[in-house]
Amino acid sequence: AKAGLLDVVQETFMRVFRSLDSFDQSRRFSTWILRIATNLCIDRYRRRLLLVRRLPGLTHGGWWEAWT
């Protein structure tokens with residue numbers, strides 16, 4: 001689980017760096033970073049749900065361990 005968290009943090013800052021030129025300076029920088037991180041977490045959660053639905057016999061309780 002810790003590795004997954006670190007992956008999200010790393011991907012967040014990679015996206016921030018790649019998208020700095022599109023940042024609207026009339027907005028708060030922290031809010032922008034938080035939105036990027038939130039979207040990444042939502043995307044990761046959705047991918048996990050798809051994985052659970054596609055793998056027969058994988059119990060709901062074990063889906064987290066199967067992904068990480």
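Buried means under 20% relative accessible area, exposed means over 50%, and partly exposed is anything in between (1.4 Å probe, protein chains only). Of the 68 residues of this protein, 22% count as buried.

This is a predicted model: local features need pLDDT of at least 70, side-chain atom pairs count only at pLDDT 80 or more, and totals for chains, interfaces and linings use all residues. Residues are numbered from 1 along each chain as its sequence is written, and side-chain values use heavy atoms, with hydrogens and water left out.

**Exercise 1. List the helices and strands, then work out how H1 and H2 cross.**

Step 1: Start with the count. The protein has three helices and zero strands; helices (H or I, at least four residues) and strands (E, at least two) are DSSP runs, numbered from the N terminus. Read from the N terminus on, the order is α-α-α.

Step 2: Pick out the pair. H1 covers residues 2-18, and H2 covers residues 29-54.

Step 3: Look at the axes, which are lines fitted to C-alpha atoms, for helices over the stretch in contact, with angles running from 0 to 180 degrees between N-to-C directions. The H1 and H2 axes come within 9 Å and cross at roughly 130°. That makes H1 oblique to H2, because angles under 35 degrees count as roughly parallel, over 145 as roughly antiparallel, 65 to 115 as roughly perpendicular and the rest as oblique.

Step 4: Add the hand. H1 passes H2 in a right-handed crossing: the near helix is turned clockwise from the far one by less than a right angle, while anticlockwise would be left-handed.

**Exercise 2. Find the salt bridges in the whole structure and say which residues join into one network.**

Step 1: Set the rule. A salt bridge here is a side-chain nitrogen of Lys or Arg within 4 Å of a carboxyl oxygen of Asp or Glu. Side chains of opposite charge can pair when their charged atoms come close. The search turns up three salt bridges.

Step 2: Take Glu-11. Its side chain meets that of Arg-15 at 2.8 Å, N to O. Both residues sit in helix H1, four residues apart, about one turn of the helix. Glu-11 is partly exposed at 22% relative accessibility, and Arg-15 is partly exposed at 33%. Glu-11 also meets Arg-18 in a salt bridge, at 3.5 Å, N to O.

Step 3: Now try Asp-24. Its partner is Arg-27, with the closest N and O atoms 3.6 Å apart. Asp-24 is partly exposed at 38% relative accessibility, whereas Arg-27 reaches 61% and so counts as exposed.

Step 4: Join up the shared partners. Glu-11, Arg-15 and Arg-18 form one network.

**Exercise 3. Which H2 residue is buried and which is partly exposed: Arg-44 or Cys-41?**

Step 1: Place them. Arg-44 is in helix H2, and so is Cys-41.

Step 2: Check accessibility. Arg-44 has 15% relative accessibility, so Arg-44 counts as buried. Cys-41 has 42%, so Cys-41 counts as partly exposed.

Step 3: Now bring in Gly-4. The C-alpha atoms of Arg-44 and Gly-4 are 9.3 Å apart, though 40 residues separate them along the chain. For Cys-41 and Gly-4, the C-alpha separation is 9.9 Å, with their positions 37 residues apart in sequence.
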